Amino acid sequence: MLAWRRELAALAPMLLPDSVLAAIIAGTATLSASFVQLRSALMREAAAGRSSSASRRRNRLQLILLLAIIGAAGVCGFALSQWLTAGERAAQGVMQRELQARVAEISRTASQLELTRGSERADIEDGVLRRIGSEGIVVMATVGPCRRPLAPSPAAGPAAANSPAAGSPAAGPPAAASPPSPAGEANATPARACTETEASPVTLCATIPGNASVSEVALFSRAADSDAPWSASRYLPGQESGEARFAATYSESTPEAGTRQVCQGFAHWSTDHARVVRMVVRYTLPA
């Protein structure tokens, strides 16, 4: 705005027509001559020492003419200043309207850009979710070997009841312990293995979008120390292999906050080794 005002002030003299300049020069000359005549008349009257009625009337007329000229000059100056500033005010009005139009255009552009960004972000997120759904969500867990609780031996009670108590006066000298015989080792019964009902189930859960449809749930399991590829360790739902079994069906939770969970149960009752289980959930989104 300041630059525009300086430029307009510099161009203002160039915008004046020749007639206005001539009127300004003539008005200035007339006003100056009137001031000179009034000063001369006042000096002559002071030199004469007295004034006649004719001279008083002449001086009064000159004073009236001078006041009229001064008033006309003031009115003309005000009109000229208004005319000179009219262009500046017009330029300021044009600048304000231009600025308002630019601000409105910038606001429209910003709102359109925000809408474009929102739509592009939604498209990008939808594309990412579709790609994840086609590749599948992978969930893995390691399940340790089954451990049964230790049960007391049935022969321990009678043996302990028949043995003499320590410090009892009736107890005789302790008998020398005889080394275990190989036959006794052979007759020892091995620990009983776990059953499927005694295994602690593990649940694998994958989170998918709430409006997605499950297209495939792939199940895999292998020993923890095995290097076999996952493609060779795939299970079917409900299939039992290597003392391990996946549930016959998977379950889905109710959609909440735009997502839901797909869960699959797994049971492992082997006491020899741990197993690594893997679940891949693939889904599709509506068009």
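A nonpolar core is a set of buried Ala, Val, Leu, Ile, Met, Phe, Trp, Tyr and Cys residues joined through side-chain atoms within 4.5 Å. Buried means under 20% relative accessible area, exposed over 50%, and partly exposed in between (1.4 Å probe, protein chains only).

The model is predicted: local features need pLDDT of at least 70, side-chain atom pairs count only at pLDDT 80 or more, and totals for chains, interfaces and linings use all residues. Residues are numbered from 1 along each chain as its sequence is written, and side-chain values use heavy atoms, with hydrogens and water left out.

**Exercise 1. The core**

Find which residues touch the most other members of the largest nonpolar core, and which elements supply it.

Solution.
- Step 1. The largest nonpolar core has 19 residues; Ile208, Met279 and Val281 touch the most other members.
- Step 2. Two or more residues each come from β1, β2, β3 (213-223), β5, β7 and β8 (275-284). Strands here are DSSP runs (E, at least two residues) and helices are runs of H or I (at least four), numbered from the N terminus.
- Step 3. β8 gives the largest share of this core, 4 residues.
- Step 4. Now list the contacts (heavy atoms within 4.5 Å). Leaving out residues up to four places away in sequence, methionine 279 touches Ile137, Val138, Val139, Leu204, Cys205, Ala206, Val217, Ala218, Leu219, Val262 and Gln264.

**Exercise 2. The disulfides**

State how many disulfides the model has, then give the handedness and burial of each.

Solution.
- Step 1. Apply the cut-off: a disulfide is a pair of cysteine sulfur atoms within 2.5 Å. The count comes to 2.
- Step 2. Cysteine 146 bonds to cysteine 194, with an S to S distance of 2.2 Å. This pair links distant parts of the chain, 48 residues apart: cysteine 146 sits in the loop between β1 (137-143) and α4 (156-162), and cysteine 194 in the loop between α5 (182-187) and β2 (202-209).
- Step 3. The S-S torsion of cysteine 146 and cysteine 194 is about -90°, so this disulfide is left-handed. Cysteine 146 is buried at 9% relative accessibility, and cysteine 194 is buried at 5%.
- Step 4. The sulfur atoms of cysteine 205 and cysteine 263 lie 2.1 Å apart in a disulfide. Cysteine 205 is in strand β2 and cysteine 263 in strand β7 (residues 259-268), so the pair ties together parts 58 residues apart in sequence.
- Step 5. The torsion about the S-S bond of cysteine 205 and cysteine 263 is about 110°, so this disulfide is right-handed. Cysteine 205 is partly exposed at 31%; cysteine 263 is buried at 15%.
- Step 6. With bonded cysteines counted along the chain, the pattern is 1-2, 3-4.

**Exercise 3. Strand β7 and its partners**

Work out which strands pair with β7 and what arginine 260 contacts.

Solution.
- Step 1. Check burial. In β7, 7 of the 10 residues are buried, so the strand is largely enclosed by the rest of the structure.
- Step 2. Use the pairing rule: two strands pair if DSSP finds at least two bridges between them.
- Step 3. β2 and β7 run antiparallel, joined by 8 bridges; valine 202 has phenylalanine 266 as its bridge partner in β7.
- Step 4. β5 (residues 244-246) pairs with β7 in the antiparallel sense over 3 bridges. Alanine 244 is bridged to histidine 268 of β7.
- Step 5. β6 (residues 251-252) is antiparallel to β7, with 2 bridges. Glutamate 252 has valine 262 as its bridge partner in β7.
- Step 6. The hairpin of β6 and β7 has 6 residues between the strands, and alanine 257 there takes a positive phi near 55°.
- Step 7. Arginine 260 is found in β7 and is buried at 9%. Its side chain reaches the backbone oxygen of alanine 212 at 2.8 Å. A 2.8 Å polar contact also joins the side chains of arginine 260 and glutamate 252. A polar contact is a pair of N or O atoms within 3.5 Å; within protein, one must be able to donate a hydrogen and the other to accept it, and residues adjacent in sequence count only if both atoms are side-chain atoms.

**Exercise 4. The aromatic pairs**

Classify the ring pair of phenylalanine 220 and tryptophan 230.

Solution.
- Step 1. Rings of Phe, Tyr and Trp (its six-membered ring) pair if their centres lie within 6.5 Å; planes under 30 degrees apart are stacked, over 60 edge-to-face, the rest tilted. The count comes to 3 aromatic pairs.
- Step 2. The centres of phenylalanine 220 and tryptophan 230 are 6.3 Å apart and their planes at 70°, so the pair is edge-to-face.
- Step 3. Phenylalanine 220 is buried at 9%, and tryptophan 230 is buried at 16%.
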